[in-house]
Amino acid sequence: MAKAIGVAPTRMELLKLRQRAALAQKGYDLLREKMDALVIEFFEIVRKIGVVRAKTMQQLSSAYRSLSTCFAVQGTIETYQAAREAKKEVEVDISTRHVMGILVPAIEAKPVERHALARGYGVYTTSSALDEASREFEKALGDLIKLAELEEGAREIALELEKTKRRVNALEYVILPNLKSMVKFISMRLDEMERENFSRLKRIKAMLEGRE
Amino acid sequence: MSFKIATIADAETVAGFALAGVQDVHIHERKEGTLAKMDELLASKDVGIVFITYRVAEELGLEFRRRMRTKKLLPVVLRIPDKTGWLPKVDELQEIIRRTVGAEIIVKGGS
């Protein structure tokens with residue numbers, strides 16, 4: 001009721017406030033629906049992430065293992081050398097798609113796995129451990145690209161969800177109660193004024209009758 | 001549109017990604033150098049994905065998180081474990097879920 005002091009208790013104001021309250025209510029309902037839809041979308045994506053993440057981490061750790069083997073078998077300097085020589089041409093197609101009005105990246109990876117000869121390092125001076133490591137890393141990269149798409153999508157949706165939730169809460173717990181209490185205050189005040197007026201008229205009428 | 005991939009990691013991880021054909025690699029040595037590189041990557045228009053190891057991200061700390069908050073949609077930044085398989089204790093996504101939904105939610109994989 002604290003905020004109710006600032007309004008003039010007039011019929012005009014009452015109408016305006018009622019309109020605002022109705023609008024706020026409508027906005028609240030819409031936001032609430034949006035939030036529900038976002039939550040569904042979000043959990044869908046989180047479930048997918050769980051699966052992809054487990055697979056990717058496994059692939060990545062096996063890639064690291066074969067890289068370590070490569071370092072051991074072929075020597076550190078030679079491996080770094082091969083890494084420097086390797087052709088670097090991996091590219092991804094990124095477009096965006098809309099989920100409930102949020103931009104979410106959609107990443108399309110071109111196949112990243114290549115033939116050993118296409119990798120660009122000298123085959124003659126390198127061992128098969130290097131080929132193995134490269135292959136594992138290419139696979140891991142493909143998985144990681146997929147994971148990146150999902151995680152970024154989840155992040156965007158989560159941030160939007162947070163924002164929506166804040167708005168819903170603001171409407172539900174601050175703006176709507178405020179408006180409602182203001183409406184109540186004005187209508188009480190108007191009623192009170194009417195009663196005052198009524199008794200005043202009665203009194204005047206009595207006085208007038210008494211004079212005659 | 002085609003985008004490049006970048007990796008910021010320690011020397012060995014970077015070697016692995018270079019073998020797989022990642023175009024833009026940066027070996028993390030000092031904080032300042034890596035931050036400068038990150039700014040460059042985040043500002044560039046043809047980098048689509050940036051992989052950064054958890055360890056490096058942790059070392060950058062606040063600076064990294066601030067850049068994550070203010071960055072545009074692209075490039076996508078994904079944190080990966082390095083060869084020790086080290087993961088931070090709190091997952092960022094779990095943290096966001098906890099903050100928004102108000103409860104820890106564990107989604108079982110495969111269901």
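**Figure 1. Surroundings of B:Leu19 in the predicted model.** B:Leu19 is in contact with six residues of chain A: A:Ala82, A:Ala83, A:Ala86, A:Ala133, A:Ser134 and A:Phe137, leaving aside residues up to four places away in sequence. B:Leu19 is also among the residues with the most contacts inside the largest nonpolar core, as are A:Leu141, B:Phe17 and B:Ala18. That core has 61 residues. Helix 3 of chain A is its largest contributor, with 14 residues. Another core lies apart from it and has five residues, including A:Leu17, A:Leu179, A:Met182 and A:Ile186. In soluble globular proteins, nonpolar side chains tend to be buried together.

**Figure 2. The buried side of helix 2 of chain A.** The buried residues of this helix are A:Thr79, A:Ala82 and A:Ala83. They lie on the same side of helix 2 of chain A because the arc they cover around the axis is only 100°. Their packing partners are helix 1 and helix 3 of chain A, together with helix 1 (11-20) of chain B. Two of these residues, A:Ala82 and A:Ala83, touch B:Leu19.

**Figure 3. A:Cys70 in helix 1 of chain A.** A:Cys70 counts as buried because 28 other C-beta atoms lie within 10 Å, where the threshold is 20 or more. Not counting residues up to four places away in sequence, A:Cys70 touches A:Thr79, A:Ala129, A:Leu130 and A:Ala133. A:Thr79 is itself one of the buried residues of helix 2 of chain A. Along the chain, A:Cys70 and A:Ser134 are 64 residues apart, and their C-alpha atoms are separated by 9.6 Å. A:Ser134 is also one of the residues that B:Leu19 touches.

**Figure 4. The side of chain A that touches chain B.** Here 46 residues of chain A are in contact with 34 residues of chain B. Two or more residues each come from helix 1 (11-74), helix 2 (76-85), strand 1 (91-99), strand 2 (102-109) and helix 3 (128-211) of chain A. Helix 3 of chain A gives the largest share, 16 residues. By class, this side of chain A has 29 nonpolar, six polar and eleven charged residues.

**Figure 5. Strand pairing between chains A and B.** Strand 1 of chain A and strand 1 (residues 2-9) of chain B run antiparallel and are joined by three bridges. A:Glu91 stands opposite B:Lys4, which belongs to strand 1 of chain B.

**Figure 6. Strands 3 and 4 of chain B.** Strand 3 (residues 47-53) and strand 4 of chain B pair in the parallel sense, with five bridges. B:Thr53 has B:Ile80 in strand 4 of chain B as its bridge partner. Strand 4 (residues 76-80) of chain B is mostly covered, with four of its five residues buried.

**Figure 7. Chain A as the setting for the close-ups above.** Chain A has three helices and two strands, in the order α-α-β-β-α from the N terminus. Its C-alpha atoms fill a box of roughly 130 × 25 × 25 Å along the principal axes. The radius of gyration of chain A is 35 Å, whereas a compact globule of 212 residues would have one near 17 Å. Of the 212 residues, 28% count as buried. Among contacts in chain A with a separation of 6 or more, 85% are between residues 24 or more positions apart.

Notes. Residues are numbered from 1 along each chain as its sequence is written. Chains are lettered from A and ligands numbered from 1 in the order in which they are written. This is a predicted model: local features need pLDDT of at least 70, side-chain atom pairs count only at pLDDT 80 or more; totals for chains, interfaces and linings use all residues. The radius of gyration is taken over C-alpha atoms; the globule rule is 2.2 Å times the number of residues to the power 0.38. A residue is buried if 20 or more other C-beta atoms lie within 10 Å of its own, exposed if 12 or fewer, and partly exposed in between; C-beta atoms are placed from the backbone. Two residues are in contact if their C-beta atoms, placed from the backbone, lie within 7 Å. Ala, Val, Leu, Ile, Met, Phe, Trp, Tyr, Cys and Pro count as nonpolar, Asp, Glu, Lys and Arg as charged, and the others, Gly among them, as polar. Two strands pair if DSSP finds at least two bridges between them. A nonpolar core is a set of buried Ala, Val, Leu, Ile, Met, Phe, Trp, Tyr and Cys residues joined through C-beta atoms within 7 Å. The arc is that of the directions from the helix axis to the C-beta atoms.
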